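Dear colleague,

I am handing over the structure we spoke about, and below it I have set out what was found in it. Please read the notes with the model open beside them.

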Amino acid sequence: MPMSMRSSWLPALLVGGALLVSLTACSDSSDVGLGVGSGLQGGSPSTLDVTPDVRDTTVAPITGIARDSAQGRPPAQSQNQGAWRFLVGKVDDPTPGTGVVTTDGYVDFAGRDDLPSDIASADPSSLTAELRLTTTDYLHGSSSESMDVEVYDLTSEADMDSARATERFEAASSLASVSGAQINPSDSLVTIRLKASWVRENIGTLRRTGSDFEDAFFGFKIVAPNSKAVVGFSSSTASLRLRTGSGDDATTADYPGLKTFTHIERMGAGAPPPGYRLMQGGVGKGLAMEWAFRESPLDTLESAPLNQANIFVPNDTSALETRSGFERPQPQGYRVIATRSSGAPSCPVVGAVTLSDANEACVLPLVPSAAPASALVPDDVARSTFRQSFQRVRDDQSPVFTTFRVHVADRENTSVNRAATVQPGLPTTLPVLVPVDGPRATLTVTPL
């Protein structure tokens with residue numbers, strides 16, 4: 001049977017050293033992922049790479065999130081919101097196939113319990129309003145130039161929570177921000193001044209409190225149409241500030257962030273570099289993998305004891321093109337979602353986390369230390385998946401999973417300790433180049 005030699009992938013495969021348990025009673029650890037052995041006779045352990053059928057797939061990611069305004073903290077299902085972000089700007093990554101990616105940020109604010117008397121009674125002409133946004137460490141593009149930004153009122157209530165990147169929310173055509181507003185991507189705190197006319201027109205809403213304010217105020221759309229970078233802003237620290245007076249005599253009132261969302265779209269995408277497949281965050285471009293259990297070599301392994309297994313999707317970071325002054329962070333994690341066959345064991349049985357209410361999709365835990373070099377499914381989960389799939393195929397059933405979808409999540413890989421809930425990946429625009437022959441399952445078996 002054909003076994004492909006991939007010694008160049010050995011360092012990446014061994015990233016999860018704690019995961020790749022010593023092959024006692026198996027082949028030497030240097031054999032892992034190298035297609036060791038020319039056959040399966042003699043009862044000696046053999047390690048082989050089994051490549052899947054791979055195709056491109058696109059699923060728009062979740063880029064919206066909401067807070068619990070009554071408690072002023074994220075709800076239980078969103079405990080990681082402190083790290084959540086929304087994106088603003090445009091980037092033309094030099095890597096072929098990525099196109100020009102545009103991101104529009106949306107933000108809405110929670111009502112206050114009360115207002116300082118100086119603001120509640122002030123003449124609107126004496127009040128100023130500004131958006132206060134804290135930048136995150138996410139910058140994709142050029143950091144050397146300031147960005148012109150525009151802020152527009154949303155015209156109706158926007159259901160941002162769990163909204164996907166392709167969603168749009170209607171905004172007014174007239175600017176709410178002052179003309180010529182700019183931000184510097186390198187600043188830790190960005191302020192965007194709103195027009196004095198906006199304050200006058202919205203003073204009645206701004207003086208409402210609690211849910212009355214939230215019902216009347218719909219939020220903003222923030223765009224930077226001519227920028228050369230995409231900048232990330234913290235969702236949890238975004239605020240709308242009203243101020244009267246100046247210096248030590250100033251009185252301020254902040255409306256805290258309630259929900260945020262990022263709309264992402266791509267234009268002019270061509271083909272990726274030869275020999276690679278492209279995954280790209282934000283636009284939802286990923287890979288779908290399927291293993292043929294009834295074809296060679298898997299059809300010869302149905303009864304062989306399976307000692308170890310890993311599922312591995314590499315990221316060739318050296319193949320990404322860069323240019324002077326261009327910044328691109330590395331993705332912090334990936335997501336592997338497997339689709340269950342009819343009647344297959346539930347997600348927890350194979351060590352995965354249930355994603356859908358119907359238990360049709362499972363999120364496979366990954367080795368955190370493997371990112372950004374790879375998405376690596378650990379031995380216990382991969383071995384359980386393949387072992388039970390072999391059993392089901394012997395019984396003339398379909399394998400446990402029909403398809404494995406891989407996407408950029410840019411959140412730390414789901415730990416091998418199994419998170420109780422599955423957090424969505426952070427909004428991102430990052431590209432990943434996967435060698436065409438890179439995705440594989442590495443299996444160590446002891447032939448009978």
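I begin with a salt bridge between D254 and R241, whose closest N and O atoms are 2.7 Å apart. D254 sits in strand β15 (residues 251–267) and R241 in strand β14 (residues 239–244), so that this pair links parts of the chain that are 13 residues apart. Of the two partners, D254 counts as partly exposed at 25% relative accessibility, whereas R241 counts as buried at 16%. Please keep in mind throughout that this is a predicted model.

Salt bridges

A search of the whole structure finds 15 salt bridges, and two further ones deserve a description here. R55 forms a salt bridge with E290, with the closest N and O atoms 3.0 Å apart; R55 belongs to strand β2 (residues 53–58) and E290 to strand β17, and the two residues are 235 apart in the chain. Both ends of this bridge count as partly exposed, R55 at 42% relative accessibility and E290 at 29%.

The side chains of K285 and D56 also meet in a salt bridge, at 3.6 Å from N to O. This pair again links distant parts of the chain, with K285 in strand β17 and D56 in strand β2, 229 residues apart. K285 is buried, its relative accessible area being 16%, while D56 is partly exposed, with a relative accessible area of 41%. Where salt bridges share partners, they join D56, R277 and K285 into one network.

Aromatic residues

Turning to the rings, the structure holds 17 aromatic pairs. One of them is formed by F217 and F220, which meet edge-to-face, with 5.3 Å from centre to centre and 75 degrees between the planes. F217 is buried, with a relative accessible area of 4%, and F220 is buried as well, with a relative accessible area of 0%. Another edge-to-face pair consists of W291 and F386, for which the centres are 5.8 Å apart and the planes stand at 75 degrees. Because W291 lies in the loop between β17 (285–290) and β18 (306–314), and F386 lies in helix α5 (residues 379–394), this pair ties together parts that are 95 residues apart in sequence. Both W291 and F386 are buried. Which residues form one aromatic cluster? The members are F109, W198, F213, F217, F220 and Y255, so F217 and F220, described above as a pair, belong to this group too.

A four-stranded sheet

Finally, four strands form an open sheet in the order β1-β26-β18-β23, and their pairing is antiparallel. At its edges are β1 (46–50) and β23 (374–377), each of which pairs on one side only. On average, and with direction ignored, neighbouring strands of this sheet are turned by 20 degrees against each other. Within the sheet, β18 and strand β26 (residues 440–445) run antiparallel and are joined by six bridges, and I311 stands opposite A441 in β26. Helix α5 packs on the sheet, where it touches β18, β23 and β26, and its direction makes about 115 degrees with that of β18. This is the helix that holds F386, the partner of W291 in the aromatic pair described above.

With best wishes

Technical notes
Residues numbered from 1 in each chain as written. Predicted model: local features only at pLDDT ≥ 70, side-chain atom pairs only at ≥ 80, totals over all residues. Heavy atoms only, no water. Phe/Tyr/Trp six-rings, centres within 6.5 Å; stacked < 30°, edge-to-face > 60°. Buried < 20%, exposed > 50% of the residue type's maximum accessible area, 1.4 Å probe, protein only. Salt bridge = Lys/Arg side-chain N within 4 Å of Asp/Glu carboxyl O. Pairing = 2+ DSSP bridges. Axes fitted to C-alpha atoms, helices over the stretch in contact; angles between N-to-C directions. Contact = heavy atoms within 4.5 Å.
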